[in-house]
Amino acid sequence: MKNKTLICMAACVSLMTMLLGGCGSSASTDAPASEAGTESTGAESAAAEDTSAQEAKGESSDVELTYWSMWTSTEGQAKVIQEAADAYEAETGIHINIEWKGRDVKTLIGPALDAGEKIDFFDTDYMILLEQNGKYLADLTDMAAAAGYEEHVLPILLENAKVFGGGVLKAMPYQPYTTGVWYDKAMFEAAGITETPETFDELLDVCQKLKDSGVNPMTCNSDGVTLLYGYQLARYIGQDKVIETLDNADWANVPEAKQAADDIYTLFEKGYMSPYAPANYPEGQNEIGFGESCMILNASWIPNEINQNTGATIDWGFFPWPSVENGVDGPEASMVGGQGFGIVDASEHKQEAFDFLLTVVTGEYDSKMAETVSSIPADTANTVWPETVSGAEPYFKQMTKTYEWAVGLENNSDYKDFVQDNLIKLTKLELDGQGFIDAMSTLK
Amino acid sequence: MKKNKKMIICFLTPALLFFLLTFLYPICRTVLMSFFSVEAVNDPMDLWEFVGISNFVDLMNTSVFQVAMINMLKIWLLGGVIVLGIALLFAAILTSGVVGKSVYRAIIYIPNIINAVAMSTMWINYVYNKRFGLLHTFFEKIGAHELAMTDYMNGEIKFYSLLAAFCFGSVGYFMLIFMSGIEQIPQDIFESATIDGANKIRQFKSITLPLLKGVFKTCVTFWTVSVVGFFVWSQMWSAPLSSELSTITPFVYMYNVTFGTVGSTQRDGGLGAAVGVIMALVVMLVFGIMNKLIKNDDLEL
């Protein structure tokens, strides 16, 4: 009997051991790494002091940085960052361990950091980075001042980053984007259009000329309808009033809301939008690449996406969404955003991380990033914009007012699906302007 | 045979401990969290603020959650009738001695081994695409130009295009379960019925269906679990958006409120947990009702 009990206990213990062993295998393999980490902590200050010597010699360092990336390894941005990391390692001996997490990094990073995962820096949309993960991030003010970094950041991005960061600099923005109307210059020329429209009435004239020339003047994806209506309404009443109207469901008491809906209805009713619009992503935008449509209101990543999706080599032009009669906003107001790197406050190698990231968001690699994915350079010293997005440069530099994404129409997760659904009905001509306002007014 | 209780305990203990660690703790934490206001799911408990049942009350008063629940109910009911009906029909045909049973079974089951993302991409791009999709091309060929212009990815029809694709991918799994149930019915019962003059349809109605009650209960429970966890298909149908009204389900809404969306960085882990609790209750409710309605021990085979 005793033997049986002993056998049972032995079986239980060995099963537990196997299970724990299976789950805990990484602990044993991690042990040398953590020891190395401890050693590196001790060597950190020496390494930091001796950086210049290492730079000269390209010696290996005990320091290793871990980066959780919002990109996947095959994306253009990832290739540039990897190249910058390799160059940084060759120069300083500091290896950067990159984990390509993809866009879900925004949901993974918080639990990982809370669980004590050793991450030195990560990136995601700079607004999400700062508003959702700001508590994990280091204040970069001193390091930025020492490196003169702020002079290199686009003023509007720097201002936004500080606002989102609670008044201090906690992010290094890169790959900024703006929004506006992107168009095929060749189609404008073929239609005899020499000037870009500045008012909504001029936009209608341009649309008519393009339609007469045999192309669809505009197109949009189904996710672009909030941008269309958001921009039009914000041109009348400004973003703050748009958000106020949305939050209070006060649509019936804002005449401009109906006017903006009528304007968008007109675009579709007069046949100024593609018969397929709003199309499922990315079919709508691809119509420009296929030579069927001319203009689209979207962000500055759109030209590159269309070129890549369709193999087109379009000569892209840009103009801001036009102003409206008696409106409060004009071309000085636009959606601006970007990605952002944040350095984890708990990191033992904040300075090294900052030094590396400085090489990514400024100078040669920022320029390479812009060229590779046809994006706007983040560094003000990089004055040459990729040709694809260069049309937006003069407007971008004169911009003084920032809109949120879809001018705030997607801010409220309880309403955004209703807003989008009603806008789809408006653009499918199932609702007219008044019908849209009535439908929106029920969203209490 | 005498059972050795000590041995059973010893072998079950590790699994039980692991279950407690990896399942019970998150379950308890989620249930608890649903009564608190919590920003991020990983926030420490000292940051939680007790709000009682207000998360549940808020959910009941939130229009988009109501729409999500209605969408889920429509998928469960309409999809359930379609999927279980077709699966049962296929199972009955394939177990009736049809030639090439293995080939048909494999073909019908194939969609189940393909990833939902790949299946969705196939349907969206190669079936529903209004420029070169299968349906567009078919209607163009027969001269139905109006129908060829149908936009399956917008408006009211979007839900049904999603439902059709989801059902297509679900039939094979339930067909296998039904087939296994039918094959367990002793052949001599069917032989006796044949001798007594019952045709195949009569045999199906009077023998197969009554003896499949237990299997049917299992299928409804599995179907409920898969519909309650409906997420990837909905996300694919609204890509690159996080959700759309026509295809939103409670889990998509839960994801939106827990992690924020493209246009909003606001998060509410407590509300997300409340959605999770409600979904768990829905599954338990359906399971309870099925247990009440269908007794599978009426007949011993």
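Helices (H or I, at least four residues) and strands (E, at least two) are taken as DSSP runs, numbered from the N terminus. The model is predicted: local features need pLDDT of at least 70, side-chain atom pairs count only at pLDDT 80 or more, and totals for chains, interfaces and linings use all residues. Residues are numbered from 1 along each chain as its sequence is written, chains are lettered from A and ligands numbered from 1 in the order in which they are written, and side-chain values use heavy atoms, without hydrogens and water.

F23(B) lies in helix α1 (residues 5-33) of chain B. With 48% relative accessibility, F23(B) counts as partly exposed, because buried means under 20% relative accessible area, exposed over 50%, and partly exposed in between (1.4 Å probe, protein chains only). F23(B) is one of the residues of a nonpolar surface patch, which also includes L16(B), L20(B) and I27(B). The patch residues together have about 680 Å² of accessible area (Shrake-Rupley method, 1.4 Å probe; for residues, only the protein chains shown count as cover). Patches take residues with over 30% relative accessible area and no salt bridge (a side-chain nitrogen of Lys or Arg within 4 Å of a carboxyl oxygen of Asp or Glu); like charges are joined within 9 Å, nonpolar side chains (Val, Leu, Ile, Met, Phe, Trp, Tyr) within 5 Å.

A nonpolar core is a set of buried Ala, Val, Leu, Ile, Met, Phe, Trp, Tyr and Cys residues joined through side-chain atoms within 4.5 Å. The largest has 123 residues. L210(A) and W251(A) are among those touching the most other members. Helix α8 (residues 157-184) of chain B gives the most to this core, 13 residues. Apart from it lies another core, of 71 residues, including M70(A) and F354(A).
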